[in-house]
Amino acid sequence: MIQKNSGCFKLYANCIPVRGARRSTVCDLQKNRLRFIPNLLYSVITEQKNRTVEEVKKAYKHRYDNGIDAFFDMLLKEDWGFITDTPESFPDLDLAWESPLRITNAIIDIGVSSKHNMKSILSQLDELGCQALQIRAYCLVPDRTLDDFLSHTLYSRLKSIELLLQYTERINESSIEKLISTHKRIHGIIVHSSPFDKSYKLEEAWCMVTFSKQTIDSCESCGHISQQYFAINTPLFTEAQKFNTCLNRKISIDVDGNIKNCPSMEKSFGNIKDTSLVSALAKREFKELWEINKDQIEVCKDCEFRYICTDCRAYITDDKNKYSKPSKCSYDPYTATWADITQKSF
């Protein structure tokens, strides 16, 4: 039971409440955790902000005194907040998102017919300031070819590389460790079409390795929205306030060399064989989807997960409405339930 009714309950600045249609959440951006709370508690926390516990109880005419005590006791016990006499001394977290980089992340897809000039592409990505790269191979890539691709990243500005590779017996724990020891920017490897499912983390390299039985033979496997892809952190949460959590500052090259916002999208802004990434990016339409955020998207705007979830504009429920819900999301915020989906994404 709260003893200090004269004090004010305050969530830590990194613990931010988000209201949904059926329930709300508190997102802890420091400890990367999530807690569900009823919408009534969301209202208490936000509408009665900076009031003492006694003042909060009085505002509800003492009808919910026991519930208010229980709510605050729970949040205090689980270390989501604290009691203070000077709430004005603890300002809210600034949720502004800024980046000096023209492009922050990129995707390069590789198929059987792909003939990408990786040296040129990676040089252009460097020019744009790209820091995260995902290379997705839908066919077998010889070890020598993969090593050649990655050799061009050794002195690049990239901070993170994720690989999607087709399974072969040559891809095993030993070969993966050898690959990562040479290319230390690799933070994730997904091996698809594997005869087994297995996941493990190489702690020293901070790399997550996943073997999956799922066959991934095109970019159409992309776009699924699932709890396993939620990310509770400051960069995503702040970016989600104003920008699209998938397409903002992204550039992609599909298996045929077409430059797109995402390989799954139809719109092309030229081919990498004769169009530079800089010139594609300069086209006004290229940035059109960057600022479509979750607060604008139908259904998503009522979802309690909207600031920790990635978005998809390639697969949507209404092709004629760019603000329609991702078609591969099975969550209903109005009932707070997930439909059963067996297919996974990458």
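**Backbone, cysteines and cores in the predicted model**

H62 is partly exposed, its relative accessible area coming to 39%. The model is a predicted one, and in it H62 sits in the loop that runs between α2 (53-59) and α3 (65-77). What makes this residue worth a look is its backbone: H62 is not a glycine, yet its phi is positive, at about 60 degrees. Most residues other than glycine have a negative phi. A336 shows a positive phi as well, near 60 degrees, and is likewise not a glycine. This alanine belongs to the loop between β14 (331-332) and β15 (337-338).

Next, the edge-to-edge pairing of β1. This strand covers residues 8-11 and pairs with β5 (residues 81-84) in the antiparallel sense, over 4 bridges. Within that pairing, L11 faces G81 of β5 as its opposite number. As for the side chains of β1, C8 and K10 point one way while F9 and L11 point the other way. Both sets are buried, the lysine included.

Now for the cysteines. How many disulfides does the structure hold? The count is 0, and two of the cysteines help to show why. For C309, the closest cysteine sulfur is that of C329, and the two sulfurs are 6.1 Å apart, too far for a bond. C312 tells a similar story: its closest cysteine sulfur belongs to C222, at 6.3 Å, which is again too far for a bond. A disulfide would need the two sulfur atoms within 2.5 Å. Both cysteines are tucked away from the surface, with C309 buried at a relative accessible area of 6% and C312 buried at 8%.

On to the interior. In soluble globular proteins, nonpolar side chains tend to be buried together. Here, the largest nonpolar core brings together 45 residues, and the ones with the most contacts inside it are L125, L163, I176, I186 and I189. Helix α4 (residues 118-128) supplies the largest share of this core, with 5 residues. I186 gives a good idea of the packing: leaving out residues up to four places away in sequence, I186 touches L150, I161, L163, L179, I180, A205 and C207. A second core, separate from the 45-residue one, is made of 17 residues, among them C27, C303, C329 and Y331.

Some of the cysteines turn up again around empty space. A search of the whole structure picks out 2 cavities of 30 Å³ or more, and the largest cavity has a volume of about 110 Å³. Which residues lie nearest its centre? Of the 15 that line the largest cavity, these are K294, C300, C303, C309 and C329. C303 and C329 are also members of the second core, and C309 and C329 are the pair whose sulfurs sit 6.1 Å apart.

Last comes F243, a residue of the loop between α7 (234-240) and β12 (250-253). Despite its place in a loop, F243 counts as buried, since its relative accessibility is 16% and the cut-off for buried is under 20%. Its contacts, leaving aside neighbours within four places in sequence, are W97, N248, W290, E291, I292 and N293. N293 is 50 residues away from F243 along the chain, but the C-alpha atoms of the two are separated by 4.8 Å.

Conventions: Residues numbered from 1 in each chain as written. Predicted model: local features only at pLDDT ≥ 70, side-chain atom pairs only at ≥ 80, totals over all residues. Heavy atoms only, no water. Helix = DSSP H or I, 4+ residues; strand = E, 2+ residues; numbered from the N terminus. Buried < 20%, exposed > 50% of the residue type's maximum accessible area, 1.4 Å probe, protein only. Pairing = 2+ DSSP bridges. Core = buried A, V, L, I, M, F, W, Y, C linked by side-chain atoms within 4.5 Å. Contact = heavy atoms within 4.5 Å. 1 Å grid on protein atoms, 1.4 Å probe; cavity = no way out; pocket = protein on both sides within 12 Å on 5 of 7 lines; lining within 4 Å. Points joined across faces, edges and corners; volume = space filled by probe spheres on them.
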